[in-house]
Amino acid sequence: CSENMEALARKSLWISPEEPMNFAKAYTLPAVIAAGFVDGFNPCSFAVMISLAGILAIGGRRRRARVIGGLAFCLGSFVTYVLMGLGLLQALRALDGLPTVRDAFRIVLALSLAVLSALSFRDAYRFRKVPVFSVVTFRLPEGVKVLIRKIALETWSGPSVFVAGLGCGLLVTVLDSLCTGQVYVPVLALIAREPGAWRSFALLIAYNLAFVAPLVAVFVCASKTTDAFQMAKWSSRNVFPAKVGLGIMFAVLAALLLLG
């Protein structure tokens, strides 16, 4: 019975019968999916989605067009994030030929994650006391926010909302990665340890599907209203639980990197 349970666990976690079963490897898949989901609720991503949904509504788009534009944006975001991940994975795998540098990088990354975890919990505490986004430590610079709005206003003024949303997703995701990269880079470091290109790619896709899922839900929900005040309330309500989730996730990723 125990042998059958282990075989089932190996299959569900994409671990072959020949590979040793260790703690870090066993929890890589669930950690990657959970990290993607938490990153999707990152206040940076969430605020950008609410802002873009508001721009579509202000532009006089009907609800159907707003949904199509939002889904196209999410598709553009997904494709961009996957391509960025593939490039960064190659760079991280290049460190395998330099084991001392690789191990030092993982230790520094794990320590950085511990600091980010503490800062995320501090942000959650601060925002709970004073619910103003300016008290949050890590957020998109104001200049980047202005640039994102400018890109959205210019691209979504065209006749094809799908093409516009796709292009906007590509450009905005690159800018938004300044914030979301805090989770993505350590997850990629975790994925880079996995043997076999197919499994690394599958984990990368799993992360990005989990990352996009909350964004799709936010865009569909935001498309139901044109009330800017209600959209701002949605964004504000998300900050505390998102920061707590990020704090937990940073701590888990740090532990998995050190245990690996």
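## Leu75 and the nonpolar patch

L75 sits in helix α5. This comes from a predicted model. The relative accessibility of L75 is 39%. L75 therefore counts as partly exposed, since that class lies between buried, under 20%, and exposed, over 50%.

L75 also belongs to a nonpolar surface patch of about 770 Å². Its partners there are V79, L83, L86, F162, V163, L170, L171 and F201. Two elements give two or more residues each to this patch: α5, spanning 63-93, and α8, spanning 161-192.

## The largest cavity

How many cavities of 30 Å³ or more does the structure hold? There are three. The largest has about 70 Å³ of space.

Its lining is made by S45, V48, M49, F73, S77, Y81, V172, T173, D176, T180, F211 and L215. Four helices each supply at least two of the lining residues: α4 (43-58), α5, α8 and α9 (197-222). Which of them gives the largest share? That is α8, with four residues.

By class, seven of the lining residues are nonpolar, four are polar and one is charged. D176 is among the residues that line this cavity.

## The second largest cavity

The second largest cavity has a volume of about 60 Å³. L92, L95, D96, R102, F105, R106, A189 and A192 line this space. Here α6 (99-129) and α8 are the elements that give two or more residues. The largest share comes from α6, which gives three.

What is the class make-up of this lining? Five residues are nonpolar and three are charged. No polar residue takes part.

Helix α8 thus recurs in this report. It gives two or more residues to the nonpolar patch. It supplies the largest share of the lining of the largest cavity. It also gives two or more residues to the lining of the second largest cavity.

## Pro30 and Tyr207

P30 lies in helix α3, which covers residues 28-40. Is P30 buried, partly exposed or exposed? Its relative accessible area is 36%, so P30 is partly exposed.

P30 pairs a long sequence separation with a stated distance in space to Y207. The two residues are 177 residues apart in sequence. From C-alpha to C-alpha, P30 and Y207 are 9.7 Å apart.

Notes:
Residues numbered from 1 in each chain as written. Predicted model: local features only at pLDDT ≥ 70, side-chain atom pairs only at ≥ 80, totals over all residues. Heavy atoms only, no water. Patch = residues over 30% accessible without salt bridge, like charges linked within 9 Å, V, L, I, M, F, W, Y side chains within 5 Å. Areas by Shrake-Rupley, 256 points an atom, 1.4 Å probe, with all protein chains shown as cover. Salt bridge = Lys/Arg side-chain N within 4 Å of Asp/Glu carboxyl O. Buried < 20%, exposed > 50% of the residue type's maximum accessible area, 1.4 Å probe, protein only. 1 Å grid on protein atoms, 1.4 Å probe; cavity = no way out; pocket = protein on both sides within 12 Å on 5 of 7 lines; lining within 4 Å. Points joined across faces, edges and corners; volume = space filled by probe spheres on them. Nonpolar A, V, L, I, M, F, W, Y, C, P; charged D, E, K, R; others polar.
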